[in-house]
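Student: Could you take me through one part of this model closely, beginning with the sheet and then following what packs around it? I would like a connected account rather than a list.

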Amino acid sequence: MYMDQLSRQELSVDSILLDPNNPRFWTQSNRPTVPDKNIADASKQARARQDIDLHGIENLYNSMLRNGFLLLDRIVVRPIAGIPDKYVVVEGNRRFRSLSKLRADIQNGDVVGEDIDEDALIKLLEETNEIEVLVYNGSGSVDISWMFQGIRHISGIRDWDPAQRAKLVAEQIDGEHKKLGVVGQQFGLSAQATGRLYRTYRALAQMREDEEFSAKARNDYFSLFEEAVRNNILKEWMGWDETVKRFSDLNNLRRFYSWITPDEDNKGRRRLHDPKQIKNIAYLIENHHNGLIDDFEGHLVSIEEARVQATSDDPKPKDWRKLMATAQILLGDLPQSALSDDPQEFLDELNKLAAIIEQRRKMVEVALNGD
């Protein structure tokens, strides 16, 4: 599909720039898209280097140090509109950043390692003044970086976050008007997974359009929306409309937004910040624990504490399933600080719990064996 839009060329490494709009950066950032005319700005390139380093280049750097820049390391670039003879990386930002850093270290005498062959380093530097690349000359309406990296990464070479997958899926469905099943096949996803990604992306996009909460919408809230869209109780409570892939109950929807965003009146605390907490708030809603929801909204109790209280207040408090669920919630909510405050005491208490569990387990085994 894209082969006729790619051509092999030898380019100077000085003519190639990192992509400040790299899809890898999308999940953690809401910063605006950098237009082509600004891609070459020193500050934009410095930020791109800093961001790509966070995704790990050490292994690639060391591989190139020992093996050179191989043909299989070839990257894909496209011409930068309005800047003659300059290209931006479409696919292979980590590889190109690794090569660029290695070249700079060689030039500055900063290469560190055992059995370094100085002559081999000089040869590597000379051989990579120009590198063979694939140049994309197509004109798709979708950001081609997302397409190429999506084809490469969604299928499993280096998995993307669900949020990144969802953005590309939505662009193919909404922007390119492709059918959901076609998009799924294109990226090696099941129809169910494709539909879930698309619904979640649309739900997060709705928050970006909200008059009150648009400024607080963040890409890394994706996992919270994913759980909310999968939870039938919350979907019904917020009025999910499958036809238009949007929530219709704006009052409840904005309550949900207020739970997942920082509360400026309470030191920026977020009431919900972990996808696992979605089931707890859904439980309170389903069982009409309105008082506990009010306490939760007022930061009087955490969602875990509210769920425990709700469980203890529910009928049949001796139901072992609910007691087990309560115990799991309480154990899961133990703060990490307990380990550092007094690790020995913490271990002693864990051993007591383990002894109780072991005792109950043996009782059950006896009952199952009929002894």
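Tutor: The sheet to look at is an open one of 5 strands, arranged in the order 1-5-3-4-2 and with mixed pairing. Its edges are formed by strand 1 (6–12) and strand 2 (16–17), and because each of these has a single partner strand, one side of each is left without a neighbour in the sheet. Please keep in mind throughout that this is a predicted model.

From the edge at strand 2 we can step inwards to strand 4 (residues 87–91), with which strand 2 pairs in the parallel sense over 2 bridges. One residue pair to display here is Leu17 with its bridge partner in strand 4, Val88. Against this part of the sheet packs helix 3 (residues 93–108), which touches strand 2, strand 4 and strand 5 (130–136), and whose direction makes about 130° with that of strand 4.

Strand 4 also pairs with strand 3, in this case in the antiparallel sense and over 4 bridges. Within that pairing, Val77 stands opposite Val89 in strand 4. As a general point, the strands of a sheet pair through backbone hydrogen bonds, either parallel or antiparallel. In terms of solvent accessibility, strand 4 is mostly covered, with 5 of its 5 residues buried.

The loop between strand 3 (76–79) and strand 4 deserves a separate look, and Pro84 is found there. Pro84 has a relative accessible area of 67%, and is therefore exposed. The C-alpha atom of Pro84 is separated by 9.6 Å from that of Ser15, although the two residues are 69 residues apart along the chain. In the loop between strand 3 and strand 4 lies Asp85 as well, and its backbone has a positive phi of about 60° although the residue is not a glycine. Asp85 counts as exposed because its relative accessibility is 64%, which is above the cut-off of 50%.

A comparable backbone feature can be found elsewhere in the chain, at His288, which is not a glycine either and has a positive phi of about 55°. The place of His288 is in the loop between helix 12 (278–286) and helix 13 (290–297), and with a relative accessibility of 63% this residue, too, counts as exposed.

Returning to helix 3, we can now ask what it meets on the way out from the sheet. The axes of helix 3 and helix 4 (residues 118–127) come within 10 Å and cross at roughly 130°, so that the two helices are oblique to each other. The handedness of this crossing is left-handed. On the side of helix 3 the contact involves Leu102, Arg103, Ile106 and Gln107, and these meet Leu121, Leu124 and Leu125 in helix 4. Sorted by class, the residues of this contact comprise 5 nonpolar, 1 polar and 1 charged.

Helix 3 also holds Asp105, which has a relative accessible area of 11% and is therefore buried. Leaving aside residues up to four places away in sequence, Asp105 touches Tyr61, Asp110 and Val111.

For a second helix pair to set beside this one, turn to helix 8 (191–209) and helix 9 (residues 222–230), which pack at an angle of about 115° with their axes 9 Å apart. Here helix 8 passes helix 9 in a right-handed crossing. The residues that helix 8 brings to the contact are Arg196, Leu197, Arg199, Thr200, Tyr201, Ala203, Leu204 and Met207, and they meet Phe222, Phe225, Glu226, Val229 and Arg230 in helix 9. By class, the residues of this contact divide into 8 nonpolar, 1 polar and 4 charged.

Gln206 is likewise found in helix 8, and because its relative accessible area is 4%, this residue is buried. Its contacts, not counting residues up to four places away in sequence, are with Arg246, Phe247, Leu250, Leu253 and Tyr257.

To place these details in the whole, the protein chain has 17 helices and 7 strands. Of its 371 residues, 42% count as buried. Among the contacts between residues at least 6 apart in sequence, 65% join residues at least 24 apart.

How values were computed
Residues are numbered from 1 along each chain as its sequence is written. This is a predicted model: local features need pLDDT of at least 70, side-chain atom pairs count only at pLDDT 80 or more; totals for chains, interfaces and linings use all residues. Side-chain values use heavy atoms; hydrogens and water are left out. Two strands pair if DSSP finds at least two bridges between them. Contact means heavy atoms within 4.5 Å. Axes are lines fitted to C-alpha atoms, for helices over the stretch in contact, and angles run from 0 to 180 degrees between N-to-C directions. Angles under 35 degrees count as roughly parallel, over 145 as roughly antiparallel, 65 to 115 as roughly perpendicular and the rest as oblique. A crossing is left-handed if the near helix is turned anticlockwise from the far one by less than a right angle, and right-handed if clockwise. Ala, Val, Leu, Ile, Met, Phe, Trp, Tyr, Cys and Pro count as nonpolar, Asp, Glu, Lys and Arg as charged, and the others, Gly among them, as polar. Buried means under 20% relative accessible area, exposed over 50%, partly exposed in between (1.4 Å probe, protein chains only).
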